[in-house]
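Please open the structure in your viewer and keep a selection tool at hand. The stops below go from the whole chain to a pair of helices and then to single residues.

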Amino acid sequence: RGIHSSLESPGRASPGRGKKGPAVLFDLWNEDIVPETMAQSIKNFQRAMSDLEDNSNTFVSFLERIANVFNFADGSATLLVWTTFGFASLALSMAAYLWFLLDGEGRWSCGILGGVACVLASQAGPATEAQEEDEEEDPFQTMTYVNQMMSCVPDDGDLAHHYIATRVQCLSSEAVK
């Protein structure tokens, strides 16, 4: 009939059957389970291939945008990123300098930072099942969100379009007149 777990004693009532006997935790072979048809198998395969294509496009676009943000493919986006990095490094340098001025040997600051870290670590609860299911739902969701935020940075397709669109398309001098 199926594979049954014998974790419960034979005398206890099984929640799945309503009578005495071993509990059915899962059925591997059961006549009630309908096998997948060929059409359903093909549809599931097509869906999986579509998801793979979407995720691959998202990943490649993400990598292209990250690479193009640093190579002046779009000058304003690169300038914005390097300016942001400059301000961030200035802020971190100033914070480190103030930290050194206030507590150069780290007697008080290390103790305070360690205490804050312990309190924050103790307040972090375990992940719930709903959070774990959301994380398993779409592993590329964060990358898609970053791609949407970085839509001002061109990927390689956008760069090719920009290059072709800004060049004269006609080689004949009569067509230009």
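Accessible areas here come from the Shrake-Rupley method with a 1.4 Å probe, and for residues only the protein chains shown count as cover. On that basis the chain exposes about 14600 Å², of which carbon and sulfur atoms supply 63%. This is a predicted model, in which local features need pLDDT of at least 70 and side-chain atom pairs count only at pLDDT 80 or more, while totals for chains, interfaces and linings use all residues. Residues are numbered from 1 along each chain as its sequence is written, and side-chain values use heavy atoms, with hydrogens and water left out.

Begin with the whole chain in a cartoon view, where there are seven helices and zero strands; both kinds of element are DSSP runs numbered from the N terminus, helices being H or I with at least four residues and strands E with at least two. Of the 177 residues, 13% count as buried, where buried means under 20% relative accessible area, exposed over 50%, and partly exposed in between, with a 1.4 Å probe and protein chains only.

Next, select α1 (38-70) and α2 (75-102). At what angle do the axes of α1 and α2 cross? They cross at roughly 75 degrees and come within 7 Å, the axes being lines fitted to C-alpha atoms, for helices over the stretch in contact, with angles that run from 0 to 180 degrees between N-to-C directions. That crossing makes α1 roughly perpendicular to α2, a label that covers 65 to 115 degrees. To see the contact (heavy atoms within 4.5 Å), show Asn68, Val69 and Phe70 of α1 together with Ala77, Thr78, Val81, Trp82 and Phe85 of α2.

Now centre on valine 69, which is found in helix α1. Is valine 69 buried or exposed? At 6% relative accessibility, valine 69 counts as buried. Leaving aside residues up to four places away in sequence, valine 69 touches Ala77, Thr78, Val81, Met150 and Val153.

Finally, switch to a surface view and select Ile66, Phe70, Phe72, Trp82 and Phe85, which form a nonpolar patch with about 500 Å² of accessible area together. Patches are made of residues with over 30% relative accessible area and no salt bridge, like charges being joined within 9 Å and nonpolar side chains (Val, Leu, Ile, Met, Phe, Trp, Tyr) within 5 Å; a salt bridge is a side-chain nitrogen of Lys or Arg within 4 Å of a carboxyl oxygen of Asp or Glu. Within this patch, phenylalanine 72 is found in the loop between α1 and α2 and is exposed, with a relative accessible area of 55%.

Methods
Angles under 35 degrees count as roughly parallel, over 145 as roughly antiparallel, 65 to 115 as roughly perpendicular and the rest as oblique.
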